[in-house]
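Trainee: I have the sequence and the model open side by side, and I would like to work through them with you. Could we go step by step, with the reasoning spelled out each time?

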Amino acid sequence: LTEDAHLQTNVKNDVELIASDMMRPNGIKFIDDDHLIVSECCQGSHLENCKSGTSRWRIFEQQDQESTSSSSWAHSKIIENTVSADAADGGCADGFALYEYVNREERRKHVLIGACFGGMCIVDLESGEVVSRMWTTREQGGCKISNVAVGKEYAFLTGSCGILTLPLTGSGRQSEDTEASLHTEL
């Protein structure tokens, strides 16, 4: 970088600590303008509140400017799912994407599709529950998912085995009949 390029990319010095109690914050995305979600990567057994087998996402809500809080963001919800660490060969809550669809009752739903312990999880953001898990690390050396992107009606996954793709509709195309076929548990 040249000195000019550095000057052009310099940002304001208004750095604010939103949370210091997360063991291993990882993936981060906005749900909407007022809500931020951060995944927490729990691996191993050395951290008492963040052990292998736990997949955790924390949602933060932006506070009003008149708030007396020291931060402009407040923790509002924890979504956590724990399975036995013996159930799979690792992985953790890491990268994720947010996906919106209309379910069979014609209600708009928002789900998180993300890396989690054992593979990939689908999290219903309304109920705060993991509603589906695609196991990819049941065997030693299985594929540990690290990041997820959604586009062209597919979830694209990166991990220790390469790049994977998964259709988000029954036939790989969006239609009224197939839209909810992968979301029957939601």
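Trainee: Which residue in E2 is the bridge partner of Pro 25?

Mentor: Keep in mind as we go that this is a predicted model. Strand E1, residues 25-32, is joined to E2 by five bridges, and the two strands run antiparallel. A hairpin of two residues leads from E1 to E2, and within E2 the residue bridged to Pro 25 is Glu 40.

Trainee: What pattern does the chain follow when it is read along the sequence?

Mentor: The elements to be placed in order are one helix and 11 strands. Read along the sequence, they give the pattern α-β-β-β-β-β-β-β-β-β-β-β.

Trainee: In what order do the three strands of the open sheet lie?

Mentor: Start from the edges, where strand E9 (145-151) and strand E11 (162-167) each pair on one side only. E9 is joined by six bridges to strand E10, residues 154-159, and this pair runs antiparallel. E10 is in turn joined to E11 by six bridges, again antiparallel, and the order of the open sheet is therefore, with strands counted as paired from at least two bridges, E9-E10-E11.

Trainee: Which residue in E11 stands opposite Thr 158?

Mentor: Thr 158 belongs to E10 and has Asn 147 opposite it. Towards E11, which a hairpin of two residues connects to E10, the residue opposite Thr 158 is Ile 163.

Trainee: By how many degrees are neighbouring strands of this sheet turned against each other on average?

Mentor: The sheet in question is the open one with the order E9-E10-E11 and antiparallel pairing. With direction ignored, its neighbouring strands are turned against each other by an average of 20°.

Trainee: Is the link of Cys 41 and Cys 92 left-handed or right-handed?

Mentor: The two cysteines are joined by a disulfide with an S to S distance of 1.8 Å. This pair links distant parts of the chain, 51 residues apart, since Cys 41 sits in strand E2 (residues 35-41) and Cys 92 in the loop between strand E4 (73-82) and strand E5 (96-102). Both Cys 41 and Cys 92 are buried, and with -90° about the S-S bond their link is left-handed.

Trainee: Why does the disulfide of Cys 116 and Cys 121 count as left-handed or right-handed?

Mentor: The sulfur atoms of Cys 116 and Cys 121 lie 2.1 Å apart and form a disulfide. Cys 116 is buried, with a relative accessible area of 1%, and Cys 121 is buried as well, at 0% relative accessibility. The torsion about their S-S bond is about 80°, and the disulfide is therefore right-handed.

Trainee: Is Cys 161 buried, partly exposed or exposed?

Mentor: Cys 161 is joined by a disulfide to Cys 143, with 2.0 Å from S to S, and because the torsion about the S-S bond is about -60°, this disulfide is left-handed. The pair links distant parts of the chain, 18 residues apart, with Cys 143 in the loop between strand E8 (129-135) and E9, and Cys 161 in the loop between E10 and E11. Cys 143 has 8% relative accessibility and counts as buried. At 47% relative accessibility, Cys 161 counts as partly exposed.

Trainee: How many disulfides does the count come to?

Mentor: The pairs are Cys 41 with Cys 92, Cys 116 with Cys 121, and Cys 143 with Cys 161. The count of disulfides comes to three.

Trainee: Which residue has its backbone nitrogen 2.9 Å from a polar atom of the side chain of Ser 55?

Mentor: Ser 55 is found in strand E3, residues 54-62, and is buried, with a relative accessible area of 0%. Leaving aside neighbours within four places in sequence, the residues in contact with Ser 55 include Ile 79, Ala 93, Cys 116 and Arg 133. The backbone nitrogen that lies 2.9 Å from a polar atom of the Ser 55 side chain is that of Phe 117.

Trainee: What percentage of the residues in the chain is buried?

Mentor: The accessible surface of the chain comes to about 11,200 Å², and 46% of this belongs to carbon and sulfur atoms. Of the 186 residues in the chain, the buried ones make up 38%.

Key. Residues are numbered from 1 along each chain as its sequence is written. This is a predicted model: local features need pLDDT of at least 70, side-chain atom pairs count only at pLDDT 80 or more; totals for chains, interfaces and linings use all residues. Side-chain values use heavy atoms; hydrogens and water are left out. Helices (H or I, at least four residues) and strands (E, at least two) are DSSP runs, numbered from the N terminus. Axes are lines fitted to C-alpha atoms, for helices over the stretch in contact, and angles run from 0 to 180 degrees between N-to-C directions. A disulfide is a pair of cysteine sulfur atoms within 2.5 Å. Buried means under 20% relative accessible area, exposed over 50%, partly exposed in between (1.4 Å probe, protein chains only). A polar contact is a pair of N or O atoms within 3.5 Å; within protein, one must be able to donate a hydrogen and the other to accept it, and residues adjacent in sequence count only if both atoms are side-chain atoms. Contact means heavy atoms within 4.5 Å. Accessible areas come from the Shrake-Rupley method with a 1.4 Å probe; for residues, only the protein chains shown count as cover.
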